[in-house]
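User: Got a minute to walk through this one with me? I'd like to start with the contacts.

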Amino acid sequence: MAPTVKCPTCSQSVVFEEASRHRPFCSERCKLIDLGEWATESYVMEGPPLEEEDLSEGLEDMEISPKNWS
Ligand SMILES: [Zn+2]
């Protein structure tokens with residue numbers, strides 16, 4: 001007999017077997033909710049993207065370089 005686990009999202013009992021495609025979650029919805037919460041947490045920890053700031057710093061360096069050449 002297959003063991004049962006509790007869905008991490010809604011705590012519903014899920015039979016841990018091949019037929020339970022989203023185990024240990026009870027459904028795809030609960031799986032997506034859990035993954036979504038994880039993604040949100042990691043995004044907050046990393047903070048906002050700094051790509052724009054890095055780009056403007058690079059442009060400043062390029063403006064300085066031609067002056068050094070002349
Ligand atoms: Zn669930």
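Analyst: Sure. Two residues are in contact here if their C-beta atoms, placed from the backbone, lie within 7 Å. Keep in mind that this is a predicted model.

User: OK, so what share of the contacts with a separation of 6 or more comes from residues 24 or more positions apart?

Analyst: Those residues account for 8% of the contacts in that set.

User: And how much of the protein is buried?

Analyst: Buried residues make up 4% of the 70 residues.

User: What's the order of elements from the N terminus on?

Analyst: The order is β-β-α-α. That's 2 strands and 2 helices.

User: Let's do backbone oddities. Which peptide bond is cis?

Analyst: The one from R23 to P24, with omega near 5°.

User: Where does P24 lie?

Analyst: P24 is in the loop between β2, residues 13-15, and α1, residues 28-46. R23 is found in the loop between β2 and α1 as well.

User: What is P24 in contact with, leaving aside its neighbours within four places in sequence?

Analyst: With that filter on, P24 has contacts to V5, C7, P8, V14 and F16. For R23, again leaving aside neighbours within four places, the list is V5, V14 and F16.

User: Any C-alpha distances for that pair? What separates R23 from K6, say?

Analyst: Their C-alpha atoms are separated by 9.2 Å, and the two residues sit 17 apart along the chain. For P24 and T4, 20 residues apart along the chain, the C-alpha separation is 8.9 Å.

User: Why does R23 count as partly exposed?

Analyst: Because R23 has 17 C-beta neighbours inside 10 Å. A residue needs 20 or more to be buried, and 12 or fewer makes it exposed. P24 counts as partly exposed too, because it has 16 such neighbours inside 10 Å.

User: Switching topic: what's phi for S11?

Analyst: Near 65°, so a positive value in a residue other than glycine. S11 lies in the loop between β1, residues 4-6, and β2.

User: Is S11 buried or exposed?

Analyst: S11 counts as exposed, because just 10 C-beta neighbours fall inside 10 Å.

User: Back to the loop between β2 and α1. What about E18 there?

Analyst: E18 lies in that loop. It counts as exposed, because it has 8 C-beta neighbours inside 10 Å. Its C-alpha atom is separated by 9.5 Å from that of A2, 16 residues apart along the chain.

User: And S27, where is that found?

Analyst: S27 is also in the loop between β2 and α1. With 16 C-beta neighbours inside 10 Å, S27 counts as partly exposed.

User: How far is the C-alpha atom of S27 from that of Q12?

Analyst: They're separated by 10.0 Å, with the residues 15 apart along the chain.

User: Great, can you recap that loop for my notes?

Analyst: Here you go. The cis bond runs from R23 to P24. R23 counts as partly exposed, and P24 does too. S27 is likewise partly exposed, whereas E18 is exposed.

Note on methods: Residues numbered from 1 in each chain as written. Predicted model: local features only at pLDDT ≥ 70, side-chain atom pairs only at ≥ 80, totals over all residues. Helix = DSSP H or I, 4+ residues; strand = E, 2+ residues; numbered from the N terminus.
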